[in-house]
Amino acid sequence: MAASASLIQETATQPQLTTDMIVVFGVVVLALVFFLTERLPVDVTAILLIVILVVLEPWTGIDPATGISGFANEATITVLAMLILSGGISRTGIVQELGRRMAAFAGTSVRKQLFATVAATSPVSGVLNNTPVVALLVPVVTDVANRGNTSPSKLLIPLSYASQVGGMLTLIGTSTNILASDISARLGTTYPELHRFSMFEFTRLGLIVALVGGLYLIFVSHYLLPERVPPRADYLAEYAVSDYVADVAVVPGSPLVDGTVGDATEILGPDIDIVQVVRNRSRDRDREAGADSDSTPGRAVAPRQDLPLTEGDILVVRTNRDAITELADIPGVEPVARPQSVAGLSTDADAGILTELVISLDSRLVGDRLDPEAFRDEFNAAVLGLRSRGELVSERIVGKRLDIGDTLLVQAPPETLDRLARRGDMIVAREPPQPDYRTDKAPIAVAIMIGVVAVATLEFYPILIAALAGVVAMVVTGVLEPNELYDAVEWDIIFLLAGVIPLGIALEQTGSAAYLASLVVSTADFLPTLVVLWLFYIVTGLITEVISNNASVVLLLPVAAAAAAGIGSNPFAFVLAVTFAASTAFLGPIGYQTNLFVYGPGGYRFGDYFRVGAPLQLILSVVTVLGIAFFWGV
């Protein structure tokens with residue numbers, strides 16, 4: 001790599017394309033295809049990259065030790081520790097309380113609501129990983145919109161974008177910054193201008209980016225965002241539940257009498273899911289009179305398989321249109337002449353709460369086929385509807401493969417909703433009625449986080465050691481339970497980092513990065529350096545839209561540094577441009593995980609992100625490039 005870089009610097013001649021470069025480029029193309037098509041989960045794709053690079057060692061130069069070096073890389077372990085620290089902060093409820101306090105004054109003014117959203121999100125995202133920040137604030141911001149009679153669609157994309165610009169305030173705001181810092185340090189052996197980022201290395205530019213982005217989101221974004229979800233949306237209407245829910249009664253002499261919900265499930269078939277059981281009212285009166293009965297009065301939400309059934313019970317079932325018409329042919333039950341199923345799916349505490357669950361990045365449900373019966377047994381929640389990629393799945397949902405960002409409409413008792421909200425793999429789009437936070441640990445958690453930042457800033461110890469010490473302190477002081485450490489980590493991000501780091505090493509060692517850089521150098525004959533820097537920003541932003549932000553940093557930072565050296569520019573300026581561009585992906589829901597988190601709850605379509613994000617991306621590209629030129633020179 002050093003020889004290739006020297007060749008660019010000293011002679012500015014085109015390096016020769018070698019077999020090693022062609023093989024590495026082939027691996028890069030394969031990675032891009034898998035990231036773009038999502039044929040495999042990102043963490044599995046990352047593992048596949050390690051295998052391919054090691055198998056092709058004669059051409060890639062990646063031996064087994066180097067192939068797995070990403071797992072022991074400083075950036076990987078630092079990101080892991082920071083995710084755990086963010087999880088500790090979230091368990092205290094500080095972020096949610098901040099969101100509620102900032103929103104208290106917003107009222108019905110969309111601009112005040114947007115100001116509250118931006119003001120509560122951006123600063124916090126500078127010191128906590130922005131992914132969990134958005135996950136925590138989705139239900140808070142949705143409630144703000146509903147209380148103010150505003151469509152949540154007006155606020156949720158700004159929530160995601162505000163977290164991204166806020167993440168550029170410090171080194172620890174996003175995993176991309178930490179990874180870029182590590183790569184910059186490694187490239188520093190070739191380019192003396194490059195070094196590991198300090199905690200506030202680019203905070204002055206980050207403040208400008210956050211301010212400009214925040215003003216745009218407050219004053220412009222709501223004009224460009226449509227109301228995909230009505231204010232105080234009726235979930236039942238939004239998911240067209242009435243088309244897929246029906247009432248059937250257990251008739252006299254039915255084989256279901258004295259049977260169970262499990263027996264009914266077998267008779268009704270796999271396409272029909274029992275979401276509620278409404279007890280025979282006469283049986284309720286008998287119970288009130290003291291009569292002996294093993295039935296449970298009232299309405300059972302997400303009933304267990306062993307719940308007994310009696311004559312006259314009403315089964316509320318969810319299925320597709322075709323199966324609803326066939327209910328009359330099933331022995332032992334008959335459709336109710338005047339169904340009350342949809343009206344009965346109320347949102348009061350007795351009947352169960354309706355809400356949306358968003359499948360998050362590291363959810364173990366990603367890739368699974370939806371089985372409402374198994375979901376009900378495991379989570380005590382009934383699935384009533386599904387949105388995939390923002391579109392309502394209007395027919396059969398049983399067996400539908402779940403993906404990141406998919407949104408399930410569920411009904412669950414309040415205590416179940418609180419338990420789901422504490423899980424790390426699903427985002428509840430509505431705050432639990434009685435959230436279980438460790439509020440008494442909040443001062444300790446804040447003190448630990450301040451200590452981590454202070455130690456890293458003053459360079460007493462590296463950020464890695466400071467963060468790991470903070471993790472230990474979180475457990476010792478009771479902010480986190482030991483078994484919660486693993487739940488706080490987004491493991492797909494960790495595996496992604498471990499997989500793409502050796503790919504970046506292969507790009508450097510084989511001279512592939514230098515070859516690509518030489519192509520960029522050729523444009524310097526007719527383009528000013530500032531324009532070349534801007535093009536790197538734009539190209540990075542576009543690539544980030546189709547692959548992960550971390551992968552784009554690994555691929556482009558070595559190229560940017562070599563290109564800068566080749567045209568006699570400042571490599572650090574180019575490294576910063578790539579870092580900022582990779583952390584601000586506004587053109588679609590795929591480029592950044594926080595964009596996926598708001599996809600379902602906002603009812604968005606793909607074009608909504610581009611409509612509001614393209615102008616913001618263009619504005620910030622100019623602001624960032626000019627800021628880099630002013631502060632660091634090109």
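A polar contact is a pair of N or O atoms within 3.5 Å; within protein, one of the two must be able to donate a hydrogen and the other to accept it. By this rule, N73 caps the N-terminal end of helix α6, since a side-chain oxygen of N73 lies 2.8 Å from the backbone nitrogen of A75. The structure discussed here is a predicted model. Its chain contains 30 helices and ten strands, and this briefing treats selected parts of that chain.

**The chain as a whole**

- Of the 634 residues in the chain, 58% are buried.
- The accessible surface of the chain comes to about 24000 Å², and carbon and sulfur atoms account for 60% of that surface.
- Among the contacts with a separation of 6 or more, 80% are made by residues 24 or more positions apart.

**Helix α6**

- Helix α6 covers residues 74-91 and has 18 residues; at 1.5 Å a residue it should span 26 Å, and its end C-alpha atoms are indeed 26 Å apart, so the two values agree.
- Because 16 of the 18 residues of α6 are buried, this helix is largely enclosed by the rest of the structure.
- After α6 comes G93, which has a positive phi, near 80°.

**The sheet containing β1 to β5**

- Five strands form an open sheet in the order β3-β2-β4-β1-β5, and their pairing is antiparallel.
- The edges are occupied by β3 (299-301) and β5 (333-335); each has a single partner strand, so one side of each is left without a neighbour in the sheet.
- On average, neighbouring strands of this sheet are turned by 30° against each other, direction ignored.
- Strand β1 (residues 245-250) runs antiparallel to strand β4 (residues 314-318), and five bridges join the two.
- Within this pairing, A249 has I314 in β4 as its bridge partner.
- Helix α15 (residues 261-268) packs on the sheet and touches β2 (273-278), β4 and β5; the direction of α15 makes about 135° with that of β2.

**The sheet containing β6 to β10**

- Another open sheet of five strands has the order β8-β7-β9-β6-β10, with antiparallel pairing.
- Its edge strands are β8 (391-392) and β10 (426-428), each of which pairs on one side only.
- Five bridges link strand β7 (residues 382-388) to strand β9 (residues 407-412) in the antiparallel sense.
- Opposite L386 stands L408 in β9.

**Two residues in helices: S153 and A469**

- S153 belongs to helix α10 (residues 153-166).
- With a relative accessible area of 0%, S153 falls under the 20% limit and is therefore buried.
- A polar atom of the S153 side chain lies 3.2 Å from the backbone nitrogen of R228, and the side chain also reaches the backbone nitrogen of V229 at 3.0 Å.
- Neighbours within four places in sequence aside, S153 is in contact with L225, P226, E227, R228, V229, G602 and Y604.
- A469 is located in helix α22 (residues 463-476).
- The relative accessible area of A469 is 45%, which lies between the limits of 20% and 50%, so A469 is partly exposed.
- From C-alpha to C-alpha, A469 and G451 are 9.7 Å apart in space, while 18 residues separate them in sequence.

Conventions:
Residues are numbered from 1 along each chain as its sequence is written. This is a predicted model: local features need pLDDT of at least 70, side-chain atom pairs count only at pLDDT 80 or more; totals for chains, interfaces and linings use all residues. Side-chain values use heavy atoms; hydrogens and water are left out. Helices (H or I, at least four residues) and strands (E, at least two) are DSSP runs, numbered from the N terminus. Buried means under 20% relative accessible area, exposed over 50%, partly exposed in between (1.4 Å probe, protein chains only). Contact means heavy atoms within 4.5 Å. Accessible areas come from the Shrake-Rupley method with a 1.4 Å probe; for residues, only the protein chains shown count as cover. Two strands pair if DSSP finds at least two bridges between them. Axes are lines fitted to C-alpha atoms, for helices over the stretch in contact, and angles run from 0 to 180 degrees between N-to-C directions. The expected span of a helix is 1.5 Å times one less than its number of residues.
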